[in-house]
Amino acid sequence: MEFIPTEALLLERNVIADPSGCTYNWTQMDDGVLFSARVAPAVDTADVVVDVDAAAGSLSVSVRGERVLYGKLSGAVDASESKVLVRSLAMRDLGDEATPSTDSRVNPYFKILIVRIKKTSRAQWTLPIQGGIENPTDCDSHSLYLIANALNQTNDPAALKHMNTAADKGSIAAMLKLAAWYEIGREEMKDIPVSKSEDLALQWHKRAGSAGNSEACYIIMTAHASGSHKAEKSFFLALQWSSAALMCGYGTDEDGGAMALEQPRLYQTLLFQTGLLLMEGGFGIGDPKPDGAVAVWNSAAEQGHAQSCWNLGIFYLNGFGLPEPNVSMGISLIRSGMRKVKELSLPPQLTGMSESAIDALVHMDEEMRAQGNVLDIEKLKVMVAMKGAGQLSPASTKPPSQTGSGKAETVKRNNRRREKERLKKLQEKTSTYSGEESMDAMSWNLAVRKSIGVAVIGVGLFGLWKAFKTMGST
């Protein structure tokens with residue numbers, strides 16, 4: 001796998017693609033067109049050169065000497081009225097609508113470049129760049145991608161050629177579009193210009209993943225995890241692509257990186273499914289790795305992922321992948337998952353128990369821990385039953401035959417005896433209750449369909465334009 005995106009390499013780029021692979025977004029008012037792009041944090045307004053040739057009808061935008069946006073404009077413009085602004089963003093401007101942030105810190109990972117050009121008429125443009133300067137494809141890769149999309153809407157045969165050229169010039173959005181086209185094919189959607197080809201869909205997703213797109217990495221991970229699309233069923237390769245997805249883009253271990261900040265639901269799902277692979281083992285990774293599953297599920301649970309909370313609860317109930325059981329924590333995690341997703345229910349070890357009975361388990365576990373005794377859920381059930389029957393004094397809740405070194409030896413012996421049985425049961429439980437986010441839930445086809453629509457850069461363009469005009473008038 002040829003994939004080495006790092007933060008250091010990213011910071012060498014002047015323009016940074018968004019999660020959908022777009023390098024700029026555009027919108028228009030009656031009197032102008034507005035472009036916005038993510039640029040490296042060190043870029044300032046003085047680093048940007050905008051060249052508008054009204055006579056030729058062309059635009060060229062360079063950042064630190066690199067031409068990043070260029071081509072023939074779709075209408076006449078006033079060359080004397082172009083304006084440029086490079087603006088910082090707050091961290092709260094990242095993320096999706098489902099997980100709004102209140103973080104007011106300045107985003108250290110990229111700034112927003114805004115370029116405004118003035119139209120000479122109020123006519124609306126369908127595209128900002130309608131073609132190349134010297135030839136039909138002599139424009140930046142993202143503009144060519146937009147042109148190819150527009151051509152495809154009219155069933156123009158040049159759409160496929162332009163899309164391939166855009167991808168070859170480095171457009172991640174074009175790579176994702178080609179992957180989606182080959183995945184679905186004209187057999188299912190008549191407007192798609194290619195026949196279905198799982199092999200080519202896989203190849204284009206690999207190109208997009210290798211170029212640093214996290215969603216493409218996730219899709220390749222699922223292909224290797226399930227063995228679909230003629231990909232080798234290999235958990236080893238699946239975990240490599242999982243790691244690649246987490247390395248994509250900017251960010252640090254502390255904030256979880258670009259995927260955690262901008263695609264939190266995809267980030268949580270990737271971590272959850274990575275945990276399933278580690279728990280199952282085999283297919284190139286050897287024995288099950290429950291401690292690894294606990295680590296990634298903890299990260300997902302911290303982000304509020306319901307299924308990871310639920311699975312972790314099972315592990316904590318039984319001490320699987322952990323130094324020892326923690327029934328109180330396990331019940332808390334299970335309840336947390338159930339509150340988030342109504343389809344989740346009590347696991348078999350708690351099925352049939354009332355809330356008060358479960359609370360009694362928690363109370364007993366806390367009492368035992370306060371005395372230095374750690375018991376698994378089955379022994380705690382016995383203790384609670386004994387206490388309820390009056391066979392155990394509330395002032396002396398010591399587990400029979402579980403004091404001193406005898407207790408430690410019993411726990412070790414039971415752990416050894418039950419380890420294989422636990423693994424089998426836990427694998428059954430987590431797969432049975434994996435709900436909508438099981439390995440089969442976000443199927444390849446579903447994930448690819450998501451890629452066919454490309455999202456815009458969500459930075460509040462009109463809000464920025466208002467700020468831009470305010471600053472421009474001062």
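Let me start with strand β3, residues 32–39, which in this predicted model is mostly covered, since eight of its eight residues are buried. If you look along the strand, G32, L34, S36 and R38 point one way, while V33, F35, A37 and V39 point the other way, and all of them are buried. That fits the general pattern, in which the side chains of a regular strand alternate between the two faces of the sheet.

Now, which strands pair with β3? Strand β1, residues 15–16, pairs with β3 in the antiparallel sense over two bridges, and there I16 stands opposite R38. Strand β2 also runs antiparallel to β3, and four bridges join them, with N25 having S36 as its bridge partner; these two strands form a hairpin, with three residues between them. Finally, strand β8, residues 111–119, pairs with β3 in the antiparallel sense over eight bridges, and in that pairing the partner of F35 is V115.

From there I would like to move to helix α2, residues 141–153, which has 13 residues and reaches 19 Å from its first C-alpha to its last, close to the 18 Å expected at 1.5 Å a residue. Is this helix largely enclosed or largely open? It is largely enclosed by the rest of the structure, because 11 of its 13 residues are buried, including H142, L144, Y145 and I147. What covers those buried residues includes β2, which we have just met, together with β6, β9, α3 and α4. At the N-terminal end, D140 caps the helix, with a side-chain oxygen lying 3.2 Å from the backbone nitrogen of H142, and the helix is followed by N155, whose phi is positive, near 60°.

Let me turn next to the nonpolar cores. The largest of them has 60 residues, and those with the most contacts inside it are W297, F315, I331 and L350. The largest share of this core, nine residues, comes from helix α9, residues 264–280. Taking I331 as an example, and not counting residues up to four places away in sequence, we find that it touches L317, L350, I358, L361 and V362. Apart from this core lies another, of 52 residues, among them A37, V48, Y182 and A216, and A37 brings us back to strand β3, where it is one of the buried residues.

One last residue is E367, whose place is in helix α13, residues 355–370. With a relative accessible area of 17%, E367 is buried, and a polar contact of 2.7 Å joins its side chain to that of H363.

Terms used
Residues are numbered from 1 along each chain as its sequence is written. This is a predicted model: local features need pLDDT of at least 70, side-chain atom pairs count only at pLDDT 80 or more; totals for chains, interfaces and linings use all residues. Side-chain values use heavy atoms; hydrogens and water are left out. The expected span of a helix is 1.5 Å times one less than its number of residues. Buried means under 20% relative accessible area, exposed over 50%, partly exposed in between (1.4 Å probe, protein chains only). Contact means heavy atoms within 4.5 Å. A polar contact is a pair of N or O atoms within 3.5 Å; within protein, one must be able to donate a hydrogen and the other to accept it, and residues adjacent in sequence count only if both atoms are side-chain atoms. A nonpolar core is a set of buried Ala, Val, Leu, Ile, Met, Phe, Trp, Tyr and Cys residues joined through side-chain atoms within 4.5 Å. Two strands pair if DSSP finds at least two bridges between them.
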